[in-house]
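Thanks, everyone; I would like to walk you through one chain this morning, going from strand pairing to charged side chains and then to the overall dimensions. Please have the display open while I talk.

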Amino acid sequence: QVQLVESGGGLVQAGDSLRLSCAVSTSIFSLDVMDWHRQAPGKERELLASMTNAEITTYADSAKGRFTISRDNAKNTVYLQMNSLKPEDTAVYYCHARRRFYDFWGQGTQVTVSS
């Protein structure tokens, strides 16, 4: 079982930046993929950014140019740096990991962007 714990959410103003963290209970190297998703009220969960075990990254169009996924192997932590935040970025942000056929999710962290 892999546990993921997100942190770093909060209330910010439009144009601000936030860095979300996802602490992983096991070695990141044991995971095939780690990514960040978000879910706004009344909307489906959206994949924002992914990083493979080989550190290959991909981004959704909504995240390109503003969000960056990264990781610290020594800390077993994955980050999502979010810049130039907009009110439409308001959502619960989730960390996700996949190992073989298993999926693991964090509990989510709320990000609220005021205009």
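Let me begin with the strands, where E9 is joined to strand E11, residues 109-114, by 3 bridges, the two running antiparallel. A word on terms: strands are DSSP runs labelled E of at least two residues, helices are runs of H or I of at least four residues, and both are numbered from the N terminus; two strands pair if DSSP finds at least two bridges between them. Before I go further, this is a predicted model, in which local features need pLDDT of at least 70 and side-chain atom pairs count only at pLDDT 80 or more, while totals for chains, interfaces and linings use all residues. Residues are numbered from 1 along each chain as its sequence is written, and side-chain values use heavy atoms, with hydrogens and water left out.

Staying with E9 and E11, the bridge partner of Ala91 in E11 is Val111. E9 also pairs with strand E10, residues 102-105, in the antiparallel sense over 4 bridges, and there Arg99 stands opposite Tyr102 in E10. The hairpin of E9 and E10 has 2 residues between the strands, and Arg100 takes a positive phi near 55 degrees in it. Turning to E4, we find 7 bridges joining E4 to E9, again in an antiparallel arrangement, with Val92 in E9 as the bridge partner of Gln39.

Now for the charged side chains. Searching the whole structure gives 6 salt bridges, where a salt bridge is a side-chain nitrogen of Lys or Arg within 4 Å of a carboxyl oxygen of Asp or Glu. Which residues does Arg38 bridge to? Arg38 forms a salt bridge with Glu46, with the closest N and O atoms 2.9 Å apart, and another with Asp89, where the closest N and O atoms are also 2.9 Å apart. The Arg38 and Asp89 pair links distant parts of the chain, since Arg38 lies in strand E4 (residues 33-39) and Asp89 in the loop between strand E8 (77-82) and strand E9 (91-99), 51 residues apart.

Are these partners buried or exposed? With buried meaning under 20% relative accessible area, exposed over 50%, and partly exposed in between, using a 1.4 Å probe and protein chains only, Arg38 counts as buried because its relative accessibility is 8%. Asp89, at 0%, also counts as buried, whereas Glu46, at 27%, counts as partly exposed.

Lys64 offers another example, forming a salt bridge with Asp61 in which the closest N and O atoms are 3.4 Å apart. Here Lys64 is exposed, with a relative accessible area of 51%, and Asp61 counts as exposed at 65% relative accessibility. As for shared partners, salt bridges join Arg38, Glu46, Arg66 and Asp89 into one network.

Finally, the chain as a whole. It has 0 helices and 11 strands, and 40% of its 115 residues count as buried. Along its principal axes the C-alpha trace spans about 40 × 25 × 25 Å. Contacts, meaning heavy atoms within 4.5 Å, come to a considerable extent from far along the sequence: among those in the chain with a separation of 6 or more, 52% are accounted for by residues 24 or more positions apart.
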